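Here is a friendly tour to read with the model open beside you. Take a moment to rotate the structure, then follow the sections in turn.

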Amino acid sequence: MSKKRVLLLSEGFGVGHTRAAHAISSGIHALSSDIITKVLELGAFLHPTIAPMIFNAYRKTVVSQPKLYHLLYRSQYNKSLNRVAQLALHRIFYSQTADVIEQLRPDIVVSTHFFPSAVVSRLKRSGMDVPLLTVITDYDAHGTWVNTGTNLYLVSTDNVRDKLIEKGVAPHKIEVTGLPVHPDFWHTYDRAELIKQLQLADMPTVLAMGGGWGIISKFEILEYVASWRDKVQIIICLGDNEKAREQLEENPLFRHPNIRLLGFTDQVAQLMEVSDLLITKPGGMTCTEAMAKGIPMLFYDAIPGQEEKNLHYFISRGYAEKIEGTGTLEKWLNMIVHNRPEYERRRAEISRKLVAYRPQLCVEKILQYLDDTVANNRSQINA
């Protein structure tokens, strides 16, 4: 019997979408051994020269003109990509998508970005017969995620579900699963063993993340945290932002045994496990990973649009606070160094809220849909 196949499509506008796709792929392999998965950033795969330029332009717009980005986000908030826009996407950028799908012959397609969802949806209207599952990777439902070809939406919260229904999506096409995270975030580790493995000190620890692009523009935040370096271990993840890393390495304030400056790392789950506090942008995937680990979060520099929605969600539920100045940092640093009982009480509150949270649920729902699809196809063949 041939193995089942899942094609996961994403795009490189930020790294969260692709991280979600890889998390699903790894989760599928963790739960089943008879499934072949393939993750593609579709635009980069089809146009490896042009796509990086487009992604870089997007990145510069988000960083240098956040108000413009917010204006575009809001103006299209309740609008799906119309057929003219989908046709333009197909002809300019995605005309070979049908060939890719026909060659890989997936039983289902899972999309973690709205562009591949729109493109596959258009192909389905033209006669392609493949189930499409769309995973919305934030805590909001922008109109561009909505298309007629999606058979099932997998979403983070009831609120996102309700917003999709308001936009015309049938309730039976939506499953509230939470966002997918890598299996490394499904379970806990032995902290003492991890500290030894990562060559860290057993002391209060702050983890600071700049997102997959390593965008940390608020250096005053890092400088204030670094001033606690004799009492707090500080791990700073800068992604692929080598310029920011070099800038910090040249600063004497960050040259200290208790400060680690990291580029890209695949040990985020382990670093969160040993940390007492996370300072981060409110990206959907990073926040979900931190929630899975039960680590309190402090937010800076939300991108207007989806990250603002993420910020409001996690703050409203007591998982995080927004950094309003050094006073916010001082309060939490004092807590993890001098007032551990209060810190442990805060963390216990987060743990209690996570009793019903199952980070593997998204993958389980995908596997269930895959099994039902394959079984239905086989019954039609045998009929």
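## A word on terms and the model

Helices, in what follows, are DSSP runs of H or I with at least four residues, and they are numbered from the N terminus. Helix α13 is one of these, and G294, which comes after α13, has a positive phi near 70°. Please keep in mind that this is a predicted model.

## The overall picture

The protein chain holds 17 helices and twelve strands. Of its 383 residues, 53% count as buried. How do the contacts spread along the sequence? Taking contacts in the protein chain between residues at least 6 apart in sequence, 68% join residues at least 24 apart.

## The six-stranded sheet

A good place to begin is the open sheet, which is built from six strands in the order β2-β1-β3-β4-β5-β6, with parallel pairing. Which strands stand at the edges? They are β2 (35–41) and β6 (174–176); each has a single partner strand, so one side of each is left without a neighbour in the sheet. From one strand to the next, the twist averages 20°.

Now to the pairings themselves. Strands β1 and β2 run parallel and are joined by seven bridges, and V6 has T37 as its bridge partner in β2. On to β3: strand β1 (residues 4–10) is joined to β3 by four bridges, again running parallel. Here L9 has S111 of β3 as its bridge partner.

## Strand β3 and its crossover

Strand β3 covers residues 108–111, and its side chains are easy to follow on screen. I108 and V110 point one way, V109 and S111 point the other way, and all are buried.

Strand β3 also pairs with strand β4 (residues 132–135), in the parallel sense and over three bridges. In this pairing V110 stands opposite L133 of β4. How does the chain get from β3 to β4? The path goes through α7, and this β-α-β crossover is right-handed.

## Helix α7 and its partner α6

Helix α7 (residues 114–125) packs with helix α6 (residues 97–104) at an angle of about 80°, the axes being 10 Å apart. Angles of 65 to 115 degrees count as roughly perpendicular, and α6 and α7 are therefore roughly perpendicular to each other. From α6 the contact draws on T97, A98 and I101, and from α7 on V119, V120 and L123. Sorted by character, the residues of this contact are five nonpolar, one polar and no charged.

K124 is also placed in helix α7. Although K124 and A98 are 26 residues apart in sequence, their C-alpha atoms are 9.7 Å apart in space. Setting aside residues up to four places away in sequence, K124 touches V130, P131, L132, G149 and N151.

## Helices lying across the sheet

Which strands does α1 lie across? The answer is β1, β2, β3 and β4, with α1 running at about 170° to β2. Another helix, α8 (residues 158–166), lies across β5 (152–155) and β6, and α8 runs at about 165° to β6.

## Helix α13, mostly covered

Helix α13 (residues 284–293) has nine of its ten residues buried, so "mostly covered" is a fair description. The buried residues are G284, M285, T286, C287, T288, E289, A290, M291 and K293.

Helix α1 (residues 16–31) meets α13 with axes that come within 8 Å and cross at roughly 45°. That makes α1 oblique to α13. The contact brings G16, R19 and A20 of α1 together with M285, T286 and E289 of α13. The residues of this contact divide into two nonpolar, two polar and two charged.

## A buried glutamine in α12

One last stop is Q270, which lies in helix α12 (residues 268–274). Is Q270 buried or exposed? Buried means under 20% relative accessible area, and Q270, with a relative accessible area of 10%, is therefore buried. Leaving out neighbours within four places in sequence, Q270 is in contact with D184, Y189, L194 and L198.

Terms used
Residues are numbered from 1 along each chain as its sequence is written. Side-chain values use heavy atoms; hydrogens and water are left out. Axes are lines fitted to C-alpha atoms, for helices over the stretch in contact, and angles run from 0 to 180 degrees between N-to-C directions. Helices (H or I, at least four residues) and strands (E, at least two) are DSSP runs, numbered from the N terminus. Angles under 35 degrees count as roughly parallel, over 145 as roughly antiparallel, 65 to 115 as roughly perpendicular and the rest as oblique. Contact means heavy atoms within 4.5 Å. Ala, Val, Leu, Ile, Met, Phe, Trp, Tyr, Cys and Pro count as nonpolar, Asp, Glu, Lys and Arg as charged, and the others, Gly among them, as polar. Buried means under 20% relative accessible area, exposed over 50%, partly exposed in between (1.4 Å probe, protein chains only). Two strands pair if DSSP finds at least two bridges between them. A crossover is right-handed if, with the strands pointing away from the viewer, the path from the first strand over the helix to the second runs clockwise.
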